[in-house]
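Keep your viewer open and follow along, one selection at a time. Each stop says what to pick and what is there.

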Amino acid sequence: MASEFDISQAAASIYADSLLQLADEAKQAEAIGAELADLASLWKSEPAFASMMRSAAIDDDARRESLRKIFTGKLSPLTLNLLLVLNERGRAMILPAVCDAYRRQLAAKMNQQTVNVTTAVPLDDAQRKQLAAEVRRLSGKDAVFFEKVEPDLLGGMTVQIGDRLYDTSVRRRLRRLRGELLASVERTLLQGTARFVTEG
């Protein structure tokens, strides 16, 4: 049985596909992509916006008016219409998934590969160039980077290309070392116990 997450992802993909077709016809596919990226960033950086879109306590009519007031003249009619349709159909909470699905579909259409990169400190141009060359070697496509800074990594980076995750972070290495250390201690304790039992 499909989970609620799976159903939401499938719905997001359908909305993204429809929007991409309309945007392509209007020769606005990349511009719409940029607007959706901005909305995804707004969702993450402004809790009030995310709360407005997710809350079941907000009446659909009130949310529609708020969306019109906030975004009319600031978003293209196609992007604003997406927000209004999601609201009308009780799907406003899947906006981030729609933005992500559109990004992936647009990248595929343009023979690009989306690459999610998480680093402890921001990438510099030399690192981006090196990563882009590696992505082209692996996939034959131009990389489109989506970068996230996560100080907890301590160093190194995680790179997700499609369904493959490459993790060279210091945090991962420390976890591995910790696991190896615990295994070593456990082996030593077991050997000591075995010797005690034998001698006893």
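Select Pro47 and Ala48 in α3. Both are exposed, on the other side of the helix from its buried residues. Bear in mind as you look that this is a predicted model.

Next, select the whole of α3, residues 47-54. Which of its residues are buried? Pick out Phe49, Ala50, Met52 and Met53. Now turn the view to look down the axis of α3. The buried residues fall within an arc of 160 degrees, so they line one face of the helix.

What covers that face? Show α2 (29-45), α4 (60-71), α5 (77-88) and α6 (95-109). These helices are among the elements that cover the buried residues of α3.

Keep α3 and α4, and hide the rest. Their axes come within 10 Å. They cross at roughly 145 degrees, and the crossing is left-handed.

Zoom in on the contact between these two helices. From α3, select Phe49, Met52 and Met53. From α4, add Arg63, Ser66, Leu67, Ile70 and Phe71, which the α3 residues meet. By class, this contact has six nonpolar residues, one polar and one charged.

Last stop: bring back the whole chain and color it by pLDDT. The mean over the chain is 86, and 88% of the residues reach 70 or more. Where is the mean pLDDT lowest among the elements, and where is it highest? Select helix α8, residues 170-199, for the lowest, at 66. Then select α5 for the highest, at 97. You have already met α5 as part of the cover over the buried residues of α3.

Notes: Residues numbered from 1 in each chain as written. Predicted model: local features only at pLDDT ≥ 70, side-chain atom pairs only at ≥ 80, totals over all residues. Heavy atoms only, no water. Buried < 20%, exposed > 50% of the residue type's maximum accessible area, 1.4 Å probe, protein only. Helix = DSSP H or I, 4+ residues; strand = E, 2+ residues; numbered from the N terminus. Arc of directions from axis to C-beta. Contact = heavy atoms within 4.5 Å. pLDDT = per-residue confidence, 0-100. Axes fitted to C-alpha atoms, helices over the stretch in contact; angles between N-to-C directions. Left-handed = near helix turned anticlockwise from the far one by under 90°. Nonpolar A, V, L, I, M, F, W, Y, C, P; charged D, E, K, R; others polar.
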